[in-house]
Amino acid sequence: MMKTLSTDACSLRATVDFVREQDTATLLRQLLPGLAGPELRSVAEHCRFAHAALLVFPADEPALHALLDECGLVTDVPPQPSVVVRERLALRHRLRAAELDVRILRPRVTGADGTPCAVEVFAVSGPSGADLEALAAHERERQHEAHVAFEVVRPDPLALRGLCTAFVRYGAAPDGGGYNPHENGTVFYFAVHDSARSDYRRVELYVPGDHRDALADHLAAHRRQQPAETLLRLMTGAWTTQAVAAFARLGVPDAMDTTKGTHADELALGTGLVPRNLATLLRYLTMLGLVREGADGFRLTEQGALLRTDADGSMRPLALMYGGPFYESFAGLDHTVRTGEVAFDHVFGTNHFDHFAQDPELAPLFDRSMAAGARMFDPVPLHPALREAAGSASGGTVVDIAGGNGELLGRILAEHPGLHGVLLERAHVVEAARENLGRAGVGERCAFRVGDFADVPGDGDVYVLSRVLHDWDDARCREILGHCARAMPAHAELLVIERVLPADGSTSLATAWDLHMMCNVGGMERGADHYAELFRDAGLTLVDVSPLPLDGSVLRVRKA
């Protein structure tokens with residue numbers, strides 16, 4: 001063990017000497033060739049040299065402190081767990097992360113310009129015997145985790161993205177990173193260009209706080225350079241769907257809080273679950289950003305809180321649908337692509353409308369899941385067509401065709417007290433809509449009609465088709481739009497709410513929903529030009545298209 005101690009001590013002394021000789025601007029120039037002038041000054045103003053890091057392999061905690069003493073280093077702070085480095089080591093050496101214990105210490109060292117810096121020491125322990133010796137020998141030779149770090153001075157999201165952009169512009173490539181809940185800090189790793197004038201090949205940007213939104217973009221850029229890892233992550237997407245669905249289905253979010261943590265054993269006792277298995281699920285959800293782990297246990301993030309039953313805009317129904325019947329139906333996607341038949345019908349033996357209507361549990365769940373995506377509707381009540389109808393002397397009437405549980409119509413009527421509504425739906429849905437609009441305080445201004453698309457009433461001022469046309473093929477859409485055109489008075493307008501496929505092929509939720517609709521109902525998402533053609537065939541004309549949240553759109557339509 002004395003040989004091991006001497007090897008680690010030699011590396012640690014060299015790291016201490018390096019830190020004492022550095023200042024921020026000089027080190028940035030060495031690591032990012034070409035960075036100079038005003039841009040160098042700007043980068044140096046937003047981050048400062050913080051530490052240099054290395055791995056050591058002490059036999060135990062007394063050996064670790066002996067190593068620090070030998071190098072003249074003192075720390076009063078107990079070691080903290082390292083999530084990011086532990087995961088990287090486990091992946092590199094094909095070990096389970098639980099087999100490794102990686103602790104961080106940051107003894108202080110004064111830099112060349114007098115600023116307080118540190119040596120970041122990762123103390124690794126794990127499987128005994130040859131496995132750890134082989135791991136230690138490999139890591140000492142390759143120095144995968146040796147790096148220098150800059151701490152972001154003001155953790156502003158805009159400044160952080162600017163720093164990441166500057167690093168990439170001068171040759172540094174994204175090289176992983178992560179969020180450490182134990183110290184509430186986010187790390188961004190970069191690999192420097194071969195022309196960098198430094199023995200260190202990796203750079204870390206350390207940002208106090210939780211910045212997993214920016215980290216997601218950084219990690220995506222890294223994965224694009226790792227095709228096998230990218231493909232593996234894509235293929236395990238089903239695990240994520242089921243983990244989120246199980247979390248919601250088991251009622252765990254309802255037993256958790258966003259402000260204080262609860263240990264897995266206590267959560268398991270309150271929910272009737274197996275403690276060890278629940279802890280495994282919670283750690284996976286921590287990686288997804290739905291849960292945060294701290295000294296006091298696990299707590300919900302703002303994102304995870306959307307899975308609570310009582311959350312405003314709860315997405316629990318969507319989690320249950322995507323992890324339930326729609327999960328099962330996607331197993332038949334190859335059947336749809338091969339035969340053109342709807343996968344849902346093939347798997348369940350009937351179309352999804354009839355399947356849900358006949359199931360007393362699935363029918364209300366489906367309606368709630370439709371309402372769960374209601375953030376798309378936020379701007380709709382302020383659409384000019386609705387404001388114009390509300391401003392008429394006699395008060396206008398809004399006809400919501402296949403309006404579900406009345407979520408959108410309720411919002412419109414609440415925003416415009418002078419408007420009246422008509423909701424057209426199937427019998428079992430109408431009763432749920434009546435209750436929903438009654439609770440919203442607008443039920444007295446709404447008429448409820450049981451019927452199909454052929455029963456669209458006349459005398460409306462604004463007609464609404466929200467997330468309806470994407471359920472159907474073109475022929476059926478022409479029929480539906482034809483019924484609307486025949487019922488609409490000359491002055492009336494039709495608002496069609498859908499996800500519109502982008503004309504330039506850019507990333508959009510509409511592309512994902514196009515696959516979903518094909519698989520589950522035989523429908524499709526469409527581009528604006530495609531919709532315009534359908535409108536023309538029905539004697540209507542597209543006036544304009546307005547964007548909505550969640551990649552939605554409002555298509556404003558009038559009679560031709």
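This passage describes the overall make-up of a predicted model and then several of its local features.

The chain of the predicted model holds 560 residues, of which 48% count as buried. Its secondary structure comprises 24 helices and 20 strands. Taken along the principal axes, the C-alpha atoms fill a box of roughly 90 × 60 × 50 Å. Contacts between residues at least 6 apart in sequence were also examined, and 67% of them join residues at least 24 apart. The surface exposed by the chain amounts to about 26,200 Å², with carbon and sulfur atoms supplying 53% of this area.

One part of that surface is a nonpolar patch of about 450 Å², made by Leu231, Leu232, Leu234 and Met235. Met235 belongs to helix 9, which spans residues 227–235. With a relative accessible area of 57%, Met235 is exposed, because this value is over the 50% cut-off.

Helix 11, formed by residues 264–271, has a buried side and an exposed side. Its buried residues are Ala264, Leu267 and Ala268. Viewed down the helix axis, these buried residues fall within an arc of 100 degrees, and therefore they line one face of helix 11. Against which elements does this buried set pack? The buried residues of helix 11 pack against helix 12 (275–288) and against strand 11 (297–300). The face turned away from the buried side carries exposed residues, namely Asp265, Glu266, Leu269 and Gly270. Just after helix 11, Gly272 adopts a positive phi of about 70 degrees.

Positive phi values also occur at two residues other than glycine, Asp459 and Arg467. For Asp459, phi is near 70 degrees. Asp459 is located in the loop that runs between strand 14 (446–450) and strand 15 (462–466). Its relative accessibility is 69%, so Asp459 counts as exposed. For Arg467, phi is about 55 degrees, again positive. The loop that holds Arg467 lies between strand 15 and helix 22 (474–487). Arg467 has a relative accessible area of 13%; because this is under the 20% cut-off, the residue is buried. Asp459 is thus an exposed loop residue, whereas Arg467 is a buried one.

A further arginine, Arg526, is placed in strand 18, which consists of residues 526–527. Arg526 has a relative accessible area of 0% and is therefore buried. Which partners does the side chain of this buried arginine reach through polar atoms? The side chain of Arg526 forms a polar contact of 2.9 Å with the side chain of Asp474. In addition, the Arg526 side chain reaches the backbone oxygen of Met524 at 3.4 Å. When neighbours within four places in sequence are left aside, the residues in contact with Arg526 are Leu469, His470, Trp472, Asp473, Asp474, Cys477, Arg499, Val500, Leu501, Tyr531 and Leu534. Asp474 therefore appears both in this set of contacts and as the side-chain partner of Arg526 in the 2.9 Å polar contact, since a polar contact is a pair of N or O atoms within 3.5 Å.

Conventions:
Residues are numbered from 1 along each chain as its sequence is written. This is a predicted model: local features need pLDDT of at least 70, side-chain atom pairs count only at pLDDT 80 or more; totals for chains, interfaces and linings use all residues. Side-chain values use heavy atoms; hydrogens and water are left out. Helices (H or I, at least four residues) and strands (E, at least two) are DSSP runs, numbered from the N terminus. Buried means under 20% relative accessible area, exposed over 50%, partly exposed in between (1.4 Å probe, protein chains only). A polar contact is a pair of N or O atoms within 3.5 Å; within protein, one must be able to donate a hydrogen and the other to accept it, and residues adjacent in sequence count only if both atoms are side-chain atoms. Contact means heavy atoms within 4.5 Å. Patches are made of residues with over 30% relative accessible area and no salt bridge: like charges are joined within 9 Å, nonpolar side chains (Val, Leu, Ile, Met, Phe, Trp, Tyr) within 5 Å. Accessible areas come from the Shrake-Rupley method with a 1.4 Å probe; for residues, only the protein chains shown count as cover. A salt bridge is a side-chain nitrogen of Lys or Arg within 4 Å of a carboxyl oxygen of Asp or Glu. The arc is that of the directions from the helix axis to the C-beta atoms.
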